[in-house]
Amino acid sequence: MVPGTEWNEAEFSILLDNSRLSDAVLAGKLPGRSLQDIAAVMDIVHDYHTGAHISGMPMRVIIPRLKRGSWTCARCGKKY
């Protein structure tokens with residue numbers, strides 16, 4: 001599980017909509033999240049589209065948002 005509380009849709013949208021920003025800059029846009037929280041969720045996004053096992057992660061918000069598309073993986077730059 002990602003450290004801290006589960007991400008809400010607004011936070012996750014900020015993360016996806018600003019995927020080209022560094023984790024440190026994103027931390028300024030997400031004041032309740034640590035650099036480690038942000039990095040962990042960015043890694044989940046990358047794992048999702050590469051087909052890696054992501055069981056146990058906060059999927060309630062993440063998966064529906066990823067399935068809608070219009071996002072870019074911050075780790076590899078692939079667009080969806």
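1. Histidine 46 in this predicted model has its place in helix α3 and counts as partly exposed, at 23% relative accessibility. That figure is to be read against the cut-off for buried, which is under 20% relative accessible area. Leaving aside neighbours within four places in sequence, histidine 46 is in contact with Cys73, Arg75 and Cys76. Histidine 46 and serine 19 are 27 residues apart along the chain, and their C-alpha atoms are 11 Å apart in space.

2. The two cysteines touched by histidine 46 deserve a careful reading. Searching the whole structure gives zero disulfides. Cysteine 73 takes part in no disulfide, and the nearest cysteine sulfur, that of cysteine 76, is 3.8 Å away. Why is the pair not bonded? The sulfur of cysteine 76 has its closest cysteine sulfur in cysteine 73, at 3.8 Å, and this is too far for a bond, because a disulfide requires the two sulfur atoms to be within 2.5 Å. As for exposure, cysteine 73 is buried, with a relative accessible area of 2%, whereas cysteine 76 is partly exposed, with a relative accessible area of 43%.

3. Helix α1 spans residues 9–17, and asparagine 8 caps its N-terminal end, with a side-chain oxygen 3.0 Å from the backbone nitrogen of alanine 10. Within α1, the buried residues are Glu11, Phe12, Ser13, Leu15 and Leu16. The buried residues of α1 pack against α2 (23–29), α3 and α4.

4. The packing of α1 on α3 can be described in some detail. The two helices pack at an angle of about 75 degrees, and their axes are 11 Å apart. That angle makes α1 roughly perpendicular to α3, because angles of 65 to 115 degrees are classed in that way. The residues in this contact divide into seven nonpolar, no polar and no charged. On the α1 side they are Phe12, Leu15 and Leu16, which meet Ile38, Val41, Met42 and Val45 in α3.

5. Glutamate 11 is a charged residue that lies in helix α1, and a reader may wish to check its surroundings in the structure. At 15% relative accessibility, glutamate 11 counts as buried. When residues up to four places away in sequence are not counted, glutamate 11 touches Glu6, Leu30 and Arg33.

6. Helix α4 covers residues 59–68, and its buried residues are Val61, Ile62, Ile63, Arg65 and Leu66. These buried residues pack against α1 and against α3, the latter covering residues 35–50. The contact between α1 and α4 is thus described from both helices, since α4 is also listed among the elements against which the buried residues of α1 pack.

7. Arginine 65 lies in helix α4 and counts as buried, at 7% relative accessibility. Which side chain does the side chain of arginine 65 meet in a polar contact? The partner is the side chain of aspartate 17, at 3.4 Å. Leaving aside neighbours within four places in sequence, arginine 65 is in contact with Phe12, Ser13, Leu16, Asp17, Ser70 and Trp71. Among these partners, Phe12, Ser13 and Leu16 are themselves buried residues of α1.

8. The backbone beyond α4 is worth inspecting residue by residue. Just after α4, glycine 69 takes a positive phi of about 85 degrees. Serine 70, in the segment after α4, has a phi near 60 degrees, which is a positive value in a residue other than glycine. For context, most residues other than glycine have a negative phi.

9. Serine 70 counts as exposed, at 64% relative accessibility, whereas arginine 65 counts as buried. Leaving aside neighbours within four places in sequence, serine 70 is in contact with Arg65 and Tyr80. Serine 70 and alanine 10 are 60 residues apart in sequence, and 15 Å apart in space from C-alpha to C-alpha. Alanine 10 is also the residue whose backbone nitrogen lies 3.0 Å from the capping side-chain oxygen of asparagine 8.

Definitions and conventions: Residues are numbered from 1 along each chain as its sequence is written. This is a predicted model: local features need pLDDT of at least 70, side-chain atom pairs count only at pLDDT 80 or more; totals for chains, interfaces and linings use all residues. Side-chain values use heavy atoms; hydrogens and water are left out. Buried means under 20% relative accessible area, exposed over 50%, partly exposed in between (1.4 Å probe, protein chains only). Helices (H or I, at least four residues) and strands (E, at least two) are DSSP runs, numbered from the N terminus. Contact means heavy atoms within 4.5 Å. A polar contact is a pair of N or O atoms within 3.5 Å; within protein, one must be able to donate a hydrogen and the other to accept it, and residues adjacent in sequence count only if both atoms are side-chain atoms. Axes are lines fitted to C-alpha atoms, for helices over the stretch in contact, and angles run from 0 to 180 degrees between N-to-C directions. Angles under 35 degrees count as roughly parallel, over 145 as roughly antiparallel, 65 to 115 as roughly perpendicular and the rest as oblique.
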